[in-house]
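I opened this notebook to record what I looked up in one structure. The entries follow the order in which I consulted it.

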Amino acid sequence: MEIKRIANELAKKYDTRDPFILADYLNILHKEHYLGNMSGYYLSYRGEKCIAVNSSIDNIYQKKIVMAHEVGHAVLHENNQCMFYSDTLFSRSRPEREANEFAAEFLIPDSIFFEYPDYTQEQISRLIGYGERLMWYKTIK
């Protein structure tokens, strides 16, 4: 599975890097609810794809990371039920790593690295607002 290719093809096809807009195009029902210590979850029920994002997340960039992660599950693991906890960015499980990679590739275009060639990953992560942890999953080719 080429996650980078899939993420970039979806971004190009729908002309967006906003995971909420992508979910709409992909007919994925998404809502915000209070989820306690869970950041979000994805589930598929009778063919309907559903995502919930914790309404207590007030940082829009963090919300987009959670949403992109869950859209990653919907695209890559459509028949699994997946939960995103705050420490999921550290997870070693294959589905969680793949969803994190999808989120990084979808949210962060390669072009940003070419626009700022002298910037470190830390500087770029601050520039675009997503935080350095997401950069761990980004590959530049």
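The entries below cover the basis of the model, its strands, its aromatic pairs, its salt bridges and one polar contact.

**Entry 1. Basis**

I noted that this is a predicted model, in which local features need pLDDT of at least 70, side-chain atom pairs count only at pLDDT 80 or more, and totals for chains, interfaces and linings use all residues. Residues are numbered from 1 along each chain as its sequence is written, and side-chain values use heavy atoms, with hydrogens and water left out.

**Entry 2. Strands**

I took helices (H or I, at least four residues) and strands (E, at least two) as DSSP runs, numbered from the N terminus. I counted two strands as paired if DSSP finds at least two bridges between them. For burial I used relative accessible area: buried is under 20%, exposed is over 50%, and partly exposed lies in between, with a 1.4 Å probe and protein chains only.

I began with strand β3, which spans residues 48–54. Five of its seven residues are buried, and I therefore recorded the strand as mostly covered. In which sense does β3 pair with strand β1? Strand β1 (residues 29–33) runs parallel to β3, with five bridges between them. Strand β2 (residues 38–45) pairs with β3 in the antiparallel sense, over six bridges. Within that pairing, I found Val-53 of β3 as the bridge partner of Gly-40. Strands β2 and β3 form a hairpin, and two residues lie between them. Arg-46 in the turn has a positive phi of about 50°.

I then looked up His-33, which lies in strand β1. His-33 stands opposite Asn-54 in β3. Its relative accessible area is 40%, so I entered His-33 as partly exposed. I defined contact as heavy atoms within 4.5 Å. Leaving aside neighbours within four places in sequence, His-33 is in contact with Ala-52, Val-53, Asn-54 and Ser-55. The C-alpha atoms of His-33 and Val-53 are separated by 6.3 Å, although the two residues are 20 apart along the chain.

**Entry 3. Aromatic pairs**

A pair of aromatic rings is described by the distance of the centres and the angle of the planes. I counted rings of Phe, Tyr and Trp (its six-membered ring) as a pair if their centres lie within 6.5 Å; planes under 30 degrees apart are stacked, over 60 edge-to-face, and the rest tilted.

How many aromatic pairs does the structure hold? I recorded four aromatic pairs. In one of them, the ring centres of Tyr-14 and Tyr-25 are 4.7 Å apart and the planes meet at 20°, so I entered this pair as stacked. The pair links distant parts of the chain: Tyr-14 belongs to helix α1 (residues 3–14) and Tyr-25 to helix α2 (residues 19–25), 11 residues apart. Tyr-14 is buried, at 18% relative accessible area, whereas Tyr-25 is partly exposed, at 45%.

I also looked up Tyr-116 and Tyr-119, a tilted pair with 4.9 Å from centre to centre and 50° between the planes. Tyr-116 is partly exposed at 28%, and Tyr-119 is partly exposed at 40%.

**Entry 4. Salt bridges**

I counted a salt bridge where a side-chain nitrogen of Lys or Arg lies within 4 Å of a carboxyl oxygen of Asp or Glu. By this rule I recorded nine salt bridges.

One of them joins the side chains of Asp-18 and Lys-64, at 3.9 Å from N to O. Asp-18 sits in the loop between α1 and α2, and Lys-64 in helix α3 (residues 60–76), 46 residues apart. Asp-18 and Lys-64 are buried.

Lys-138 and Glu-105 form another salt bridge, at 2.7 Å from N to O. Lys-138 lies in the segment after α7 (132–135) and Glu-105 in helix α4, so this salt bridge ties together parts that are 33 residues apart in sequence. Lys-138 also forms a salt bridge with Asp-110, at 2.6 Å from N to O. Asp-110 lies in the loop between α4 and α5 (111–115), 28 residues from Lys-138. Lys-138 and Glu-105 are buried, and Asp-110 is buried too. I noted that Lys-4, Glu-105, Asp-110 and Lys-138 are linked in a network of salt bridges.

**Entry 5. A polar contact**

Is Asn-100 buried or exposed? At 0% relative accessibility, Asn-100 is buried. Asn-100 lies in helix α4 (residues 94–107). I took a polar contact as a pair of N or O atoms within 3.5 Å; within protein, one must be able to donate a hydrogen and the other to accept it, and residues adjacent in sequence count only if both atoms are side-chain atoms. The side chain of Asn-100 makes such a contact with the side chain of His-69, at 2.8 Å.
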